[in-house]
Amino acid sequence: VKALANIEDDAIVALESLVRILEEDEEPRTRYYAAKALGKIGKEASAALPGLEKAQKDPDKKVRKAVAEAIAKVKP
């Protein structure tokens with residue numbers, strides 16, 4: 001997931017996978033990096049907004065913060 005965050009434009013192809021990771025992965029650190037990657041993609045990741053909005057209820061505080069930052073960057 002960290003690698004996807006660094007390839008920016010090519011990460012658009014991975015939107016569905018990043019959202020799935022954000023929703024399903026048991027490891028908070030992995031969910032955190034999925035949110036960060038979506039934020040780095042920016043407005044082109046707008047299709048991920050429903051998944052990001054759902055992730056605002058994540059049990060991990062750091063993940064919720066990364067999600068909020070991603071939403072601010074992704075929302076049109």
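Begin with the whole chain coloured by secondary structure: this predicted model contains 5 helices and 0 strands. Followed along the sequence, the elements read α-α-α-α-α.

Next, display the surface of the protein chain. The accessible area is about 4800 Å², and carbon and sulfur atoms account for 50% of that area. Of the 76 residues in the chain, 37% are buried. If contacts are drawn between residues at least 6 apart in sequence, 60% of them link residues at least 24 apart.

Now select helix H3, which spans residues 28–41, and centre the view on Arg 31 within that helix. Is Arg 31 buried or exposed? Its relative accessible area is 7%, and Arg 31 is therefore buried, as the value falls under 20%.

Keep Arg 31 in view and add the side chain of Asp 58. The two side chains are joined by a polar contact of 2.6 Å. Then extend the selection to the other residues in contact with Arg 31, setting aside neighbours within four places in sequence. On one side of the numbering are Ile 21, Leu 22, Asp 25 and Glu 26; Asp 58 is accompanied by Pro 59, Asp 60 and Val 63.

Move on to helix H5, residues 61–74, and select Lys 65 there. In contrast to the buried Arg 31, Lys 65 is exposed, because its relative accessible area of 56% is over 50%.

As a last step, select Lys 65 together with Ala 35 and request the C-alpha to C-alpha distance. The viewer should report 9.2 Å for this pair, whose members are 30 residues apart in sequence.

Note on methods: Residues are numbered from 1 along each chain as its sequence is written. This is a predicted model: local features need pLDDT of at least 70, side-chain atom pairs count only at pLDDT 80 or more; totals for chains, interfaces and linings use all residues. Side-chain values use heavy atoms; hydrogens and water are left out. Helices (H or I, at least four residues) and strands (E, at least two) are DSSP runs, numbered from the N terminus. Buried means under 20% relative accessible area, exposed over 50%, partly exposed in between (1.4 Å probe, protein chains only). A polar contact is a pair of N or O atoms within 3.5 Å; within protein, one must be able to donate a hydrogen and the other to accept it, and residues adjacent in sequence count only if both atoms are side-chain atoms. Contact means heavy atoms within 4.5 Å. Accessible areas come from the Shrake-Rupley method with a 1.4 Å probe; for residues, only the protein chains shown count as cover.
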